[in-house]
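The exercises below are meant to be worked with the sequence and the coordinates side by side. Try each task before reading its solution.

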Amino acid sequence: MLTRFVSTSGLALREMGGVYFVPEQQHGSLDALGKVVAAAGSNVIYQIPIHDAPQVQETLTTVARASLDEEIRALQQELQAFDDTTRQSTLERRLDHFEHLRSRVELFAGVLSFKADDLKGRLFEAQQELRVKLGLPLAEDDNAVTQRRPGTDDGETPQTQRSPSWQADEAIGF
């Protein structure tokens with residue numbers, strides 16, 4: 001449980017060794033999880049507050065960008081490995097993973113105050129590629145979806161529908 005929580009809500013600061021940066025918005029959930037883990041045995045979660053210094057901010061930003069970049073790269077490689085024999089349900093689960101990864105990019109870009117346009121752009125392109133494989137409408141941006149009708153040629157004007165805006169979920173912190 002703990003590993004899953006920190007891998008989806010935090011960033012690994014070391015490749016091995018279990019040192020993670022967990023944003024302040026997630027501390028309530030981390031504290032609650034720590035109590036559950038401690039109650040299950042003699043487990044302890046050590047929390048060390050991070051000093052707000054330029055070097056710390058720079059290090060966390062570098063680690064966050066590298067970690068998110070690697071997640072996007074792995075997702076792109078996985079997507080390239082898919083072929084016509086890949087099950088529809090597998091592709092749909094990967095599409096859900098794109099949304100999760102997009103929310104992580106937005107969370108850490110906001111918490112650490114860095115621009116993530118390049119990460120978001122790469123993620124968007126890979127997501128569009130997966131949408132094509134699934135036969136789903138292509139998204140123009142975060143708030144619009146372009147619907148392609150089967151049998152139409154590229155010269156026709158696509159239909160555009162507005163999709164609901166993404167909203168933060170207070171229960172999970174983002």
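**Exercise 1: Overall layout**

Task: Determine what share of the contacts in the protein between residues at least 6 apart in sequence join residues at least 24 apart, and then set out the order of helices and strands.

Solution. Among contacts between residues at least 6 apart in sequence, 53% join residues at least 24 apart. The model on which this value was computed is a predicted one. Turning to the elements, there are 5 helices and 5 strands, and from the N terminus on they run α-β-β-α-α-α-α-β-β-β. As a last step, consider the surface: of the 174 residues, 29% count as buried, while the protein exposes about 11600 Å², of which carbon and sulfur atoms supply 51%.

**Exercise 2: The nonpolar cores**

Task: Find which residues of the largest nonpolar core touch the most other members, and which helix gives the most to this core.

Solution. Begin with the membership: the largest nonpolar core holds 25 residues, and those that touch the most other members are L68, F98, F108, F114, L119 and L130. Next, assign the core to elements, where α3 (54–81), α4 (88–112) and α5 (117–134) each supply at least two residues, and α4 gives the most, with 9 residues. Then take F114 as a worked case: leaving aside residues up to four places away in sequence, F114 touches T61, A64, R65, L68, F108, A109 and L119. Finally, apart from this core lies another one, of 6 residues, including F5, V22, L30 and L33. As background, nonpolar side chains in soluble globular proteins tend to be buried together.

**Exercise 3: The largest pocket**

Task: Describe the largest pocket by its volume, by the residues closest to its centre and by the classes of residue in its lining.

Solution. The volume comes first, and about 820 Å³ of space lies in the largest pocket. Of the 27 residues that line this pocket, Y20, F21, V22, I48 and I50 are the closest to its centre. Two or more lining residues come from each of α1 (2–9), β2 (20–21), α2 (27–39), α3 and α4. Sorting the lining by class gives 19 nonpolar, 6 polar and 2 charged residues. V22 therefore deserves a second look in the viewer, for V22 is listed both in the 6-residue core and among the residues closest to the pocket centre.

**Exercise 4: Three loop residues**

Task: For S113, E15 and Y46, decide whether each is buried or exposed, and locate each in its loop.

Solution. S113 lies in the loop between α4 and α5, and has a positive phi of about 55° although S113 is not a glycine. The cut-off for an exposed residue is over 50% relative accessible area, so S113, with 64%, is exposed.

E15 is found in the loop between β1 (11–12) and β2, and with a relative accessible area of 83% E15 is exposed. E15 and S67 are 52 residues apart in sequence, and their C-alpha atoms are 10.0 Å apart in space.

Y46 lies in the loop between α2 and α3, and at 71% relative accessibility Y46 counts as exposed. Along the chain Y46 and G34 are 12 residues apart, and 9.1 Å separates their C-alpha atoms.

Conventions. Residues numbered from 1 in each chain as written. Predicted model: local features only at pLDDT ≥ 70, side-chain atom pairs only at ≥ 80, totals over all residues. Heavy atoms only, no water. Core = buried A, V, L, I, M, F, W, Y, C linked by side-chain atoms within 4.5 Å. Buried < 20%, exposed > 50% of the residue type's maximum accessible area, 1.4 Å probe, protein only. Helix = DSSP H or I, 4+ residues; strand = E, 2+ residues; numbered from the N terminus. Contact = heavy atoms within 4.5 Å. Areas by Shrake-Rupley, 256 points an atom, 1.4 Å probe, with all protein chains shown as cover. 1 Å grid on protein atoms, 1.4 Å probe; cavity = no way out; pocket = protein on both sides within 12 Å on 5 of 7 lines; lining within 4 Å. Points joined across faces, edges and corners; volume = space filled by probe spheres on them. Nonpolar A, V, L, I, M, F, W, Y, C, P; charged D, E, K, R; others polar.
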